[in-house]
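This report walks through the features of one protein chain that can be read from its atoms, moving from local backbone geometry to packing and surface.

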Amino acid sequence: PFFSLLQQAVCAPSRTSMLTSRRPDTTRLYDFNSYWRVHSGNYTTLPQHFKSKGYYTMSVGKVFHPGIASNHTDDYPYSWSIPAYHPFSFRFEKEKNSCLQGGLG
């Protein structure tokens with residue numbers, strides 16, 4: 001049988017739910033149009049907890065949903081020691097296309 005491992009049908013509420021240990025009915029997030037700290041409460045995130053205990057926390061790639069849902073900062077400086085890093089993906093898209101066209105040489 002198929003079991004869903006998502007808290008919500010869209011990305012931002014699911015990621016917020018996982019990172020705050022709060023269900024979407026607690027965070028009251030069901031879309032991409034609200035920053036959860038303003039909309040639902042200033043909950044401590046998992047990386048924020050580690051940061052508060054002295055760990056150096058970094059966001060590489062998509063951890064929080066980028067944009068309004070994470071205050072256009074991926075929740076920096078609350079959850080992360082440095083601003084989130086998002087690799088430039090266009091280069092990889094070009095490489096993928098060249099590989100599909102026999103460009104591995």
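Proline 77 lies in the loop between α4 and α5, and in this predicted model the peptide bond that leads into proline 77 from tyrosine 76 is cis, with omega near 10 degrees. Most residues other than glycine have a negative phi, and most peptide bonds are trans. Against that background, the loop between α4 and α5 also holds asparagine 71, which has a positive phi of about 60 degrees although it is not a glycine. Aspartate 75, likewise placed in the loop between α4 and α5, has a phi near 70 degrees, again a positive value in a residue other than glycine. A further positive phi, of about 60 degrees, is taken by serine 21 just after α1.

The surroundings of two of these loop residues can be stated as well. Asparagine 71 has a relative accessible area of 38% and is therefore partly exposed, whereas aspartate 75, at 0% relative accessibility, counts as buried.

**Salt bridges**

Side chains of opposite charge can pair when their charged atoms come close. How many salt bridges does the structure hold? There are two, and they are set out below with the separation of the N and O atoms.

| Acidic residue | Basic residue | N to O distance |
|---|---|---|
| Aspartate 25 | Arginine 23 | 2.8 Å |
| Aspartate 75 | Arginine 37 | 2.8 Å |

In the salt bridge between aspartate 75 and arginine 37, the aspartate belongs to the loop between α4 and α5 and the arginine to helix α3, so the pair ties together parts that are 38 residues apart in sequence. Both aspartate 75 and arginine 37 are buried. For the salt bridge of aspartate 25 with arginine 23, aspartate 25 counts as partly exposed at 43% relative accessibility, while arginine 23, at 51%, counts as exposed.

**Aromatic pairs and the nonpolar core**

A pair of aromatic rings is described by the distance of the centres and the angle of the planes. A search of the whole structure finds four aromatic pairs. One of them joins tryptophan 36 and phenylalanine 64, whose ring centres are 6.3 Å apart and whose planes meet at 10 degrees, so the pair is stacked. This pair links distant parts of the chain, with tryptophan 36 in helix α3 (residues 36-39) and phenylalanine 64 in the loop between α4 (46-52) and α5 (90-100), 28 residues apart. Tryptophan 36 and phenylalanine 64 are both buried, and ring pairs connect Tyr35, Trp36, Phe64 and Trp80 into a cluster.

In soluble globular proteins, nonpolar side chains tend to be buried together. Which residues form the largest nonpolar core? The core has seven residues, namely Leu19, Leu29, Tyr35, Trp36, Tyr43, Phe64 and Trp80. Leaving aside neighbours within four places in sequence, tryptophan 36 is in contact with a set of residues that includes Leu29, Tyr43 and Phe64, as well as Thr16, Thr20 and Asp75. The last of these, aspartate 75, is the residue that forms the salt bridge with arginine 37.

**Helices and their cover**

The secondary structure of the protein comes to five helices and zero strands, and the elements run α-α-α-α-α from the N terminus on. Helix α1 (residues 11-20) is mostly covered, seven of its 10 residues being buried. These buried residues are Ala12, Pro13, Ser14, Thr16, Ser17, Leu19 and Thr20, and what covers them includes α2 (24-27), α3 and α4.

**Surface and overall packing**

For the protein as a whole, buried residues make up 30% of the 105 residues. Among contacts between residues at least 6 apart in sequence, 48% join residues at least 24 apart. The protein exposes about 7,300 Å², and carbon and sulfur atoms supply 59% of that area. On the surface, Tyr56, Met58, Val60 and Tyr85 make a nonpolar patch of about 460 Å². Of the residues in this patch, tyrosine 85 is placed in the loop between α4 and α5, and at 48% relative accessibility tyrosine 85 counts as partly exposed.

Note on methods
Residues are numbered from 1 along each chain as its sequence is written. This is a predicted model: local features need pLDDT of at least 70, side-chain atom pairs count only at pLDDT 80 or more; totals for chains, interfaces and linings use all residues. Side-chain values use heavy atoms; hydrogens and water are left out. Rings of Phe, Tyr and Trp (its six-membered ring) pair if their centres lie within 6.5 Å; planes under 30 degrees apart count as stacked, over 60 as edge-to-face and the rest as tilted. Helices (H or I, at least four residues) and strands (E, at least two) are DSSP runs, numbered from the N terminus. Buried means under 20% relative accessible area, exposed over 50%, partly exposed in between (1.4 Å probe, protein chains only). Patches are made of residues with over 30% relative accessible area and no salt bridge: like charges are joined within 9 Å, nonpolar side chains (Val, Leu, Ile, Met, Phe, Trp, Tyr) within 5 Å. Accessible areas come from the Shrake-Rupley method with a 1.4 Å probe; for residues, only the protein chains shown count as cover. A salt bridge is a side-chain nitrogen of Lys or Arg within 4 Å of a carboxyl oxygen of Asp or Glu. Contact means heavy atoms within 4.5 Å. A nonpolar core is a set of buried Ala, Val, Leu, Ile, Met, Phe, Trp, Tyr and Cys residues joined through side-chain atoms within 4.5 Å.
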